[in-house]
Amino acid sequence: MSAATGSVRSDATSAPATSTTAALPPAPRVATRTAAWAAVLAVVLLVAATAPVSLISDYQFFQLNRVLTIAIAIGGLNLLLGWAGSISAGHGALFGLGAYATAILVGDHGVPWPLAVLGSLAVGLAVGAVLGLPALRLGGLNLGLVTLAIALVLPPVLNRLVPLTGGAFGKTTPEVVPPAGLPFSSPQWLFLVDLTILALVFWLLSNMLRGRMGRALDAAASSRAMAAAHAVPTNRLTVAVFAVSAGVAALAGGLAHLGARTSTPDSYTFLFSIALITGAVVGGTRSFVGALLGAAFVVLVPELVAGRVDPAKAGQWQQVAYAAALLLVIYFFPTGLAGLPRTIRRLLGRRRPGRSLAQEAQS
Amino acid sequence: MTELWQQVLSGLGTGFIYASLALAISVVYQGTGVFNFAQGVMATISAYLAWTLVTHGFPFWGALAVVLVASFVLGAATERVFIRPVEGASPLVLITVTAGLLVGFQALVAIIWSEDPQRLESPFGDGRVSVFGAVLTAQQLGSAAVVLVTLLITGAFFRYTQLGLRMRAAAQNPASARLLAIDVGRMLALGWGLAATVGAVAGVVFAPTLGISPGMMDSSLLLALAAATLGGFESRAGAVLGGLLLGVATNLASRYAPGIRGDLQLVVPFAVIFVVLLVRPQGLFGRLSSVRA
């Protein structure tokens, strides 16, 4: 049976989820762009590798690694928020799942870390494929329900499965040792690894989104029935995109565990999932540069809040900051930080009345 | 057998929390088109308001009356201030806003009232009542009765009053409702206010059982969402029935299924959401409607 005749909850899908191709910048020449990015990456790697150790401390590298791993996860989340028009309130939990997968593989089974991280990716893909199934028939919003449930269920489960997860104390693994002969500390080495994987993942994702799949996603997000009528396999697409998105988040979680070395159930609560959504929205949900900016925001907020308020309530103020940023960006800068240059140009230039994400979705 | 009966009855008791939250979620869903992630924490705010009044010497029922009015205002104001700017936007945008509200409100509650758990004395005393062999506390029975009356009044309001009819019209077909001179925006705000009030009844009356803390409604929110999924988001009666069923199901699971205890009870609503969406995504009483592209 074709999905075109499938029934859809009318009020849940009556409004198209995102604006379609009109909002996209013209497609650049893929080869030039890839080459440019590869060059930038090579320069950054070179500078990072040769920079005097005193310039950037190991703690700063540790923070940078957090930014990079969270950016990878947000890149995966953007597939849903920016392209598929659905939401995941549980990407923090999937991130945590990946972290625990790596921790268990490395800590208990002595698997080398590169393989363990791939294991995290596989776990994420599998869990994502199963969790994506309920979204088949009704699309978008049901993922919100299922993922919220996962976000709330995972921490108590991690607490309870003591033999596997170490309970409330979590799992700690030894430091990642750089290959012999390289003059790097562990955080420096992980920075190079994370940066390379980030570049690889974003390159793969953006190529995927620039082709048929991106157009199919845009079509399905604006009208599922119409897309199905144009032979877009909406059902398979929904599950595939969620699986990829979950896999990327779990991969990022695995890398994050290597950097942090300890994972506890408390690190991956519902709040972390919301922090990821906030990062995605603040950065701009249709941009991979935005993913990096959003990740930097997620990591910076606690640092900024910490010095200014009563330490006992720092966690709460941090939450308020995330919530406020999320709402303000949705109301006033729906394209996020990544869209800011365009927004400013438009305001200065043609003086066309600005259209918000909400209005565009309405039209 | 008595044991089973006892478990069913006390499950039914807690089921009323989920039923009223699910009703609130359903009312908002019908009007605004998304489920409100912040519905639970709004009930938490109501519970804290009641606790503050009671500690300042208000009698319980007086405090409840004040809090219901305050909750209505809070709910309507939330719609006006936070939802209004994105009214008519895609469900994705709306649901992200409610997720932001959940996180923000919860943090503000913790900042204002601190994270320490508080206690509210039961207004029903600590008597016990025997119901066909099962023993229930007066609190269990009394809170269930109060919520039941609230649910009936809400149902009657939607069914029999002019205003209820208008709200249903605005929710079902905003465009036609506007042509009939119904102020759809105001109806949405009223719906949010009403939902917050229904949630407040549950939050305050069950506060003696749940204990008051910023996260007191977290698991109830998931159970209520599962209840609304089971009953069908479009069906108010379905949401209520789903809540009662989930109350019984979680209670039985935590008693008879090995390993499911305490916070792991959340596995039950998760399973319910997952299975219902797979098997009957419109819920037990929801209607499927086809859309024209």
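**Exercise 1.** Does V248(B) count as buried, partly exposed or exposed, and how many C-beta neighbours does V248(B) have inside 10 Å? Place the residue in its helix and list its contacts.

*Solution.* The structure is a predicted model, and every step below should be read with that in mind. Begin with the location: V248(B) belongs to helix α11 of chain B, which covers residues 236–256. Next comes the neighbour count, which is 19 C-beta atoms inside 10 Å, and V248(B) therefore counts as partly exposed, given that a buried residue needs 20 or more. Leaving out residues up to four places away in sequence, V248(B) touches V8(B), G11(B), L12(B) and G15(B). Finally, compare this with a residue that is 130 positions away along the chain, Q118(B), whose C-alpha atom is separated from that of V248(B) by 27 Å.

**Exercise 2.** Which residues does L53(B) contact beyond its neighbours within four places in sequence, and is L53(B) buried or exposed?

*Solution.* L53(B) lies in helix α2 of chain B, residues 39–55. With 20 C-beta neighbours inside 10 Å, L53(B) counts as buried, the cut-off being 20 or more. Once the neighbours within four places are set aside, the contacts of L53(B) are F58(B), A63(B), V66(B) and V67(B). For one of these partners, A63(B), the C-alpha separation from L53(B) is 5.9 Å, although the two residues are 10 positions apart along the chain.

**Exercise 3.** Determine where V86(B) is found and whether V86(B) is buried or exposed.

*Solution.* V86(B) sits in the loop that joins α3 (60–83) to α4 of chain B. Its surroundings hold 23 other C-beta atoms within 10 Å, so V86(B) is buried. As for distance, V86(B) and V97(B) are 11 residues apart in sequence, and their C-alpha atoms are 8.8 Å apart in space.

**Exercise 4.** Describe the pairing of β1(B) with β2(B) and the turn that joins the two strands.

*Solution.* Strand β1 (residues 128–131) and strand β2 (residues 134–137) of chain B pair in the antiparallel sense, and four bridges connect them. The register can be followed from two pairs: R128(B) has T137(B) as its bridge partner in β2(B), while V131(B) stands opposite A134(B). The strands form a hairpin with two residues between them, and F132(B) in the turn has a positive phi of about 45°.

**Exercise 5.** Locate S114(B) and A231(A), two residues other than glycine whose phi is positive, and state how exposed each one is.

*Solution.* The background is that most residues other than glycine have a negative phi. S114(B), with a phi near 65°, is found in the loop between α4 (91–113) and β1 of chain B. S114(B) has 14 other C-beta atoms within 10 Å, and is therefore partly exposed. A231(A) also has a positive phi, near 65°, and belongs to the loop between α11 (224–229) and α12 of chain A. Around A231(A) there are 10 other C-beta atoms within 10 Å, so this residue is exposed.

**Exercise 6.** At what angle do α10(A) and α12(A) cross, and within what distance do their axes come?

*Solution.* Helix α10 (residues 212–222) and helix α12 (residues 234–260) of chain A have axes that come within 11 Å and cross at roughly 110°. The two helices are therefore roughly perpendicular to each other. Their meeting involves A216(A), L217(A) and A220(A) on the α10(A) side, and T234(A), L237(A) and V241(A) on the α12(A) side. By class, this contact has five nonpolar residues, one polar residue and no charged residues.

**Exercise 7.** Characterise the packing of α3(A) against α14(A) by angle, axis distance and handedness.

*Solution.* Helix α3 (residues 58–84) and helix α14 (residues 288–306) of chain A pack at about 130°, and their axes are 8 Å apart. That angle makes α3(A) oblique to α14(A). The crossing of these two helices is right-handed. Among the contacting residues of α3(A) are R66(A), I70(A) and I74(A), and those of α14(A) include F288(A), L292(A) and V299(A). Sorted by class, the residues of this contact are 11 nonpolar, four polar and one charged.

Key
Residues are numbered from 1 along each chain as its sequence is written. Chains are lettered from A and ligands numbered from 1 in the order in which they are written. This is a predicted model: local features need pLDDT of at least 70, side-chain atom pairs count only at pLDDT 80 or more; totals for chains, interfaces and linings use all residues. Axes are lines fitted to C-alpha atoms, for helices over the stretch in contact, and angles run from 0 to 180 degrees between N-to-C directions. Angles under 35 degrees count as roughly parallel, over 145 as roughly antiparallel, 65 to 115 as roughly perpendicular and the rest as oblique. Two residues are in contact if their C-beta atoms, placed from the backbone, lie within 7 Å. Ala, Val, Leu, Ile, Met, Phe, Trp, Tyr, Cys and Pro count as nonpolar, Asp, Glu, Lys and Arg as charged, and the others, Gly among them, as polar. A crossing is left-handed if the near helix is turned anticlockwise from the far one by less than a right angle, and right-handed if clockwise. Two strands pair if DSSP finds at least two bridges between them. A residue is buried if 20 or more other C-beta atoms lie within 10 Å of its own, exposed if 12 or fewer, and partly exposed in between; C-beta atoms are placed from the backbone.
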